[in-house]
Amino acid sequence: MTKEKTPYKEFLEAISVFQWVLTFLFLGLACIILMVYLMFTCLWPLPTLYFVWLVMDWYTPERGGRKTRFVRKWRVWNHFRDFFPIKLVKTAELKPNKNYILGCHPHGIMSVGAFSCFTTDSSGFNETFPGVRPCLAILAGLFKIPLFREYIMCAGLYPVSKPSLAHLVSKSGKGNAVVIVIGGAAESLAASPGANTVVMKQRKGFVRVALEFGADLVPVYSFGENELFQQVIFSEGSLGRRLQDLFKKIMGFAPCLFVGERFAFLPYRTPVTTVVGSPISVPKRVTPTDEEVDHYHKLYMEALSKLFHEHKVSCGLSENHKLWII
């Protein structure tokens, strides 16, 4: 039987998740405001020196960053995991003598499953896949935000840009598992309880990178990711959706109108099960053709669909749930 949680334990879990949500939503903006404010105080030399450092250090995120074990091992991430809870499921071996590109679906509002399983040690990735190093790639624009970039680099996050991905799968040895949340901002706009929609049909860049460097493709599905928040879904062509699309085009991410279970931002306590599928062997092609990209993209979509249907019932969905790939 599952041991009943004490009120103190539940409090720790809620605080751990709440700080992460606030970090996700507001820390970047807070860092920008702080640096601008300091420029107009007697402490102006500090941000000035930092901006000089920022220029010199501009390309570090795309060259392997500054990953530390310290942030990954914070105990707060164990409480974060237990809040939902989050579970990592292995279906096949990932050999440490290969490099991999893992496509994680769906994005949800905040990609909770991807963060917990691939950016922290709380879900046991290193024990589940010994010798393989997970590297979660996120929106490249976040690495241009002063101070905030230092924090996310220490957490082991990388920009989802071509130079960054190329470095991770070609200049960092073997055993790298680069994780990309393929659907991105467009997929977050479709995140709502009961929805199993992934934005995939026109997303082929990750397949091309895999072919260029001979990295195997691995589908990943986080069951329960879309159940964590209630979101206002605007219909296609509506004013609200047009404004979201415009903001996404300019800023690179979409402003979602969502609400959680408590205090607006605290998500529902819904289990999230991140299932890692079997690798798809990909040959190395210096200049892959469009036909080759389409072929392996199709194989990937078929593998993702198979993964979803094989595990949906054991992960809490009914047999009649379908995966919609758009």
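**Note on the sheet and helix 8**

1. The core here is an open sheet of 7 strands in the order 1-10-7-2-5-3-4, with mixed pairing. Strand 1 (86–90) and strand 4 sit at the edges, each pairing on one side only. From one strand to the next, the twist averages 30°. Two strands count as paired if DSSP finds at least two bridges between them; helices (H or I, at least four residues) and strands (E, at least two) are DSSP runs, numbered from the N terminus.

2. Keep in mind that this is a predicted model, where local features need pLDDT of at least 70, side-chain atom pairs count only at pLDDT 80 or more, and totals for chains, interfaces and linings use all residues. Residues are numbered from 1 along each chain as its sequence is written, and side-chain values use heavy atoms, with hydrogens and water left out.

3. Now strand 2. It pairs with strand 5 in the parallel sense over 5 bridges, with Ile101 opposite Val178. Strand 7 (residues 216–223) also runs parallel to strand 2, joined by 6 bridges, and there Gly103 stands opposite Pro219.

4. Strand 2 has 6 of its 6 residues buried (under 20% relative accessible area; exposed is over 50%, partly exposed in between; 1.4 Å probe, protein chains only). Tyr100, Leu102 and Cys104 cover one side, Ile101, Gly103 and His105 the other.

5. Helix 8 packs on the sheet, touching strands 2, 3, 4 and 5, and its direction makes about 155° with that of strand 5. Axes are lines fitted to C-alpha atoms, for helices over the stretch in contact, and angles run from 0 to 180 degrees between N-to-C directions. Among the buried residues of helix 8 are Leu165 and Leu168; its buried set also packs against helix 10 (205–213), contact meaning heavy atoms within 4.5 Å.
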